[in-house]
Amino acid sequence: MKSIKLSKVLLQVLLIAFAVVQLYPLLFLFFFSLKDNNEIYSGNVMGLPQHFYWSNYENALFNANVGYYLLNSIFVTLVVILVSDILACMVSYAIARMTVKINGIVKTFFSLGLMIPLHAVLLPVFIMLRNLKMLDTYQAIIIPYIAFALPMAIFFMIGFFQTLPRELEESAFLDGCGIYRTFFQIMMPLVKPALATISVFTFLSTWNEMMFAITFINSEKYRTLTVGIMQMVGRYTTDWGTMGAGLMVATVPTIVIYLLFSKQVQSGMVSGAVKG
Amino acid sequence: MNKILGNKKAYFIFVFPAFVIYFVMAFIPIIISCYYSTLEWNGIGQKVFVGIENFLDLLKNDAFLSSVKNSLILAAASVIGQLIPAMFFAIVLSRNIRGEGVYRTIYFIPVLLSTVVIGQLFLKIYNADYGALNALLQKPGLEGQDWLGNTKLVLEASFFPIIWQYIGYHMLILYTGIKGVPAEIYEAAQIDGANEKQMAFMITMPLIKSTIKVSMTFAVIGSLKLFDLIWVLTKGGPLHASEVPSTLMYTTIFTRMEYGSGSAIAVFIVLECLLFYFLIEKFFKVDNLTY
């Protein structure tokens, strides 16, 4: 009995140690976002701040413009989630339920997208956007983001539509409800839980995406957080506190969403792994 | 009923918008990438068709070869460094241990952070003059290092955060797999006198083979196409020491303006990912389990 107890304690110690390893970098970030350079250069890099310089946040949000980048990120992410959710629902419903011959081809076609890495399309999309004079606009990242959110969302939603009972639609059809109304008024509300999961997944990949963002966006006006922070590095390289505050601002929304929807986040990310 | 669900016009309306966006932004560009990879082109001037010469040149390019080597090292390091601890914690947490939910939530947090944030954060941790790591080393009198500036250390230093970030992800994937194994199997094993270790190695792991495959695919493919973190930390430097194929692709295209050669690297990455995808698929050859 004793050895079981001991090993339980040991396990807890191990679990806590790993939790510290996973959390400390974030804590380190939070701490230095509140320090001024004197404190960091005089040796207190890791510990609690002696004074809390909340002004670092003011500086990051307004002088370094992180507040504006935050709004841009929110805008871009919301549009991508909204559009890709609706489009993915329509396609998945058609594939899961409708009896049209080319169904199989359409499904294969979209699931091929699960295999395409962003790198493979970077240059052609860049040139396409350049020729269309669309570089450095909101669309320049919104449209590719939607395109790359679709395969995963469709893949996931087809599975969900297939689990829904057919009786509901059948009775709707019998009552003379057309296919569009049935889809928007009866099916869409039913898939809300799956939509939440897929939205969270899309949120994370859009919010954190970097390669497209730093390539397609340049001017201040359209910068999202990832681009903004990459550009900020040069100017604030010696100002640790402001930089840290900027990084915190980019991180807090994700953490809040995670704590609110941790179940959806976790299931969304697990199903996302299938994509590999 | 069938008439409604066989309505071709409705089908078209449902599928077409997504189809167009996806076709134009993902499907066509892949084909264009393949075409670019056969050209000698700087993006502005004349396109010269050179066949497979770009690919042959890559084979003679030391920076490219070492970038491939680096990404393969990373793939191996990810499988070992992520899957083993992830498996351990997944098994421990699935055994109804106290605080299970809290640990699961905490371990997953790094997965959510943007790579830009993690990169900037680790730049501060690795900073040669004021970084947290050197401060830690100097306390007991050890010597600090220029972690990202030293060609001998940069690879390990930049791989660490990558491996660190996704342990929680693999843990969750494996945890979900383990939770899918019916409890009766463990009960039966317990009655037969199996201990925890035996159950982990003889029951859990063989039964979640397909989940392990998913995890391994993710670790390997993720490593082969890694871009973000290396770009933020080192941009592949110093002297290509931390170069991976995608960072080399990026500088080849956007710094050196060699569109053809850069596209050849892009095509290579896609083919390499596909190859490893099928290798892992073959290696695991999972029979579909039903309980």
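What follows is a conversation about a predicted model with chains A and B.

Reader: Before we start, what kind of model is this?

Author: This is a predicted model, and its local features are held to a pLDDT of at least 70.

Reader: Okay, then how many helices and strands does chain A have?

Author: The secondary structure of chain A comes to 14 helices and zero strands, and reading along the sequence gives the pattern α-α-α-α-α-α-α-α-α-α-α-α-α-α.

Reader: And what about the secondary structure of chain B?

Author: Chain B comes to 14 helices as well as two strands.

Reader: Is chain B a compact globule or more spread out?

Author: Chain B is more spread out than a compact globule, because its radius of gyration is 24 Å, well over the 19 Å that the globule rule gives for 291 residues. Its C-alpha trace spans about 80 × 75 × 30 Å along the principal axes.

Reader: What is the radius of gyration of chain A, then?

Author: For chain A the radius of gyration is 23 Å, where a compact globule of 276 residues would have a value near 19 Å. The C-alpha trace of chain A spans about 75 × 70 × 35 Å along its principal axes.

Reader: Switching to the interface, how many residues of each chain are in contact?

Author: On the chain B side 71 residues are in contact with 69 residues of chain A.

Reader: Which helix gives the most on the chain B side?

Author: That is helix α2 of chain B, residues 8-36, which gives 16 residues to the side that touches chain A.

Reader: And how do the residues on that side of chain B divide by class?

Author: The side of chain B that touches chain A divides into 52 nonpolar, 15 polar and four charged residues.

Reader: Back to chain A for a moment, into which domains is it divided?

Author: Chain A is divided into domain 1, covering 24-53, and domain 2, covering 64-273. The C-alpha centres of these two domains of chain A lie 35 Å apart.

Reader: How many residues are in contact between those domains?

Author: In chain A, 10 residues of domain 1 are in contact with seven residues of domain 2. On the domain 1 side, the elements that give two or more residues are α1 (2-32) and α2 (37-41) of chain A, and the largest share, three residues, comes from α1(A). By class, that side of domain 1 has six nonpolar, two polar and two charged residues.

Reader: I'd like to look at helix packing too, so at what angle do α4 and α7 of chain A pack?

Author: Helix α4 (residues 66-97) and helix α7 (residues 138-163) of chain A pack at an angle of about 40°, with their axes 7 Å apart, which makes α4(A) oblique to α7(A).

Reader: Is that crossing left-handed or right-handed, and what classes of residue does the contact have?

Author: The crossing of α4(A) and α7(A) is right-handed, and their contact has 23 nonpolar, three polar and two charged residues.

Reader: Last one, how do α8 and α11 of chain B cross?

Author: The axes of α8 (residues 154-179) and α11 (residues 209-224) of chain B come within 9 Å and cross at roughly 165°. Angles over 145 degrees count as roughly antiparallel, so α8(B) is roughly antiparallel to α11(B). This crossing of α8(B) and α11(B) is right-handed.

Reader: Which residues make that contact?

Author: From α8(B) there are B:H170, B:I173, B:L174 and B:G177, and from α11(B) there are B:T211, B:V214, B:S215 and B:A219. By class, the contact of α8(B) with α11(B) has four nonpolar, four polar and no charged residues.

Methods: Residues are numbered from 1 along each chain as its sequence is written. Chains are lettered from A and ligands numbered from 1 in the order in which they are written. This is a predicted model: local features need pLDDT of at least 70, side-chain atom pairs count only at pLDDT 80 or more; totals for chains, interfaces and linings use all residues. Two residues are in contact if their C-beta atoms, placed from the backbone, lie within 7 Å. Helices (H or I, at least four residues) and strands (E, at least two) are DSSP runs, numbered from the N terminus. Ala, Val, Leu, Ile, Met, Phe, Trp, Tyr, Cys and Pro count as nonpolar, Asp, Glu, Lys and Arg as charged, and the others, Gly among them, as polar. Domain bounds come from an automatic or database domain assignment. Axes are lines fitted to C-alpha atoms, for helices over the stretch in contact, and angles run from 0 to 180 degrees between N-to-C directions. Angles under 35 degrees count as roughly parallel, over 145 as roughly antiparallel, 65 to 115 as roughly perpendicular and the rest as oblique. A crossing is left-handed if the near helix is turned anticlockwise from the far one by less than a right angle, and right-handed if clockwise. The radius of gyration is taken over C-alpha atoms; the globule rule is 2.2 Å times the number of residues to the power 0.38.
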